[in-house]
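Here's a quick tour to read with the model open on your screen. We'll start with a helix, then move on to a sheet, two loop residues and the pockets.

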Amino acid sequence: MHAIQKSKSHKGKCTPNVLPCRVHHNGPVNASKRYWEPRTTSNVKTIAYFRGRKLHGKQFKVPRGYRGIVLASTDWILPKGSQSSPAEEDKDAEHEADVKVLEEQAEFNGIMVWGHEVVPDETADPYVRGMEEWLSFAEQIHDTSEAEKDATNGTK
């Protein structure tokens with residue numbers, strides 16, 4: 001289980017970029033405009049060049065009711081006393097697991113997905129499909145409309 005805590009060095013708003021390549025670095029980069037300068041063309045296409053390769057980007061917005069955040073894992077563990085109420089502790093004493101803390105680094109309203117020479121296809125791009133499938137799955141798990149119908153009809 002995880003808990004989210006806002007970082008003291010929170011960066012505010014950002015736009016994550018999903019590049020169609022593997023970069024063997026994870027962290028901030030002091031990139032100048034010379035190396036990364038996405039541009040919007042007159043026909044409203046977003047284009048950038050990365051290591052001499054032309055990339056086409058498409059912005060995917062975070063749906064209403066959801067919040068996009070950038071997280072970093074930490075070695076911190078939430079103290080046992082702040083995890084649950086005393087009544088819950090008695091029931092789940094044998095199933096207690098450590099709650100690790102994830103640190104919120106930034107938040108975003110959309111993700112820019114890039115493709116080589118073409119705009120990423122919503123039906124074929126694994127990142128876009130993964131986000132859409134996860135959102136659909138989350139909506140089904142957290143959908144209370146069936147439970148509310150059953151409660152009003154007196155069934156389970």
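A residue counts as buried when its relative accessible area is under 20%, and as exposed when that value is over 50%. Keep in mind that this is a predicted model. With those cut-offs, Val-128, Leu-135 and Ala-138 come out as buried residues of α2.

**Helix α2**

- The three buried residues sit on the same side of α2, because they cover an arc of only 100 degrees around its axis.
- Turn to the face pointing away from that buried side and you'll find Pro-126, Phe-137 and Gln-140, which are exposed.
- As for length, α2 has 16 residues and spans 22 Å from its first C-alpha to its last. That's close to the 22 Å you'd expect at 1.5 Å a residue.

**The five-stranded sheet**

- Strands of a sheet pair through backbone hydrogen bonds, and they can do so parallel or antiparallel.
- Here, 5 strands make an open sheet with mixed pairing, and the order across it is β2-β8-β5-β4-β3.
- At the edges are β2 and β3 (residues 39–40), each of which pairs on one side only.
- β3 runs antiparallel to β4 (residues 46–50), and 2 bridges join them.
- If you want a landmark for that pairing, take Thr-40, whose bridge partner in β4 is Thr-46.

**Two loop residues with positive phi**

- Val-44 isn't a glycine, yet it has a positive phi of about 60 degrees.
- You'll find Val-44 in the loop between β3 and β4. Its relative accessibility is 68%, so it counts as exposed.
- Glu-117 is another residue other than glycine with a positive phi, in this case near 60 degrees.
- Glu-117 belongs to the loop between β8 (residues 110–116) and α2. At 52% relative accessibility it is over the 50% cut-off and therefore counts as exposed.

**The largest pocket**

- The largest pocket holds about 1,400 Å³ of space.
- It is lined by 24 residues, and the closest to its centre are Asn-17, Asn-26, Gly-27, Pro-28 and Val-29.
- Three strands each supply at least two lining residues: β2 (17–18), β6 (68–77) and β7 (100–108). Of the elements, β6 gives the most, with 3 residues.
- Sorted by type, the lining has 17 nonpolar residues, 6 polar ones and 1 charged.

**The second largest pocket**

- The second largest pocket has about 560 Å³ of space.
- Its lining is made of 19 residues, with Val-62, Phe-108, Ile-111, Met-131 and Leu-135 the closest to the centre.
- Two or more lining residues come from each of β5 (53–61), β6 and α2 (126–141).
- The biggest contributor to this lining is α2, which gives 7 residues.
- By type, this lining divides into 14 nonpolar, 2 polar and 3 charged residues.

**Where the topics meet**

- Leu-135 is worth a second look: it is one of the buried residues of α2, and it is also among the residues closest to the centre of the second largest pocket.
- β6 turns up in both linings, since it supplies at least two residues to the largest pocket and two or more to the second largest.
- β2 is an edge strand of the sheet, and it also supplies at least two residues to the lining of the largest pocket.

How values were computed: Residues numbered from 1 in each chain as written. Predicted model: local features only at pLDDT ≥ 70, side-chain atom pairs only at ≥ 80, totals over all residues. Heavy atoms only, no water. 1 Å grid on protein atoms, 1.4 Å probe; cavity = no way out; pocket = protein on both sides within 12 Å on 5 of 7 lines; lining within 4 Å. Points joined across faces, edges and corners; volume = space filled by probe spheres on them. Helix = DSSP H or I, 4+ residues; strand = E, 2+ residues; numbered from the N terminus. Nonpolar A, V, L, I, M, F, W, Y, C, P; charged D, E, K, R; others polar. Pairing = 2+ DSSP bridges. Buried < 20%, exposed > 50% of the residue type's maximum accessible area, 1.4 Å probe, protein only. Expected span 1.5 Å × (residues − 1). Arc of directions from axis to C-beta.
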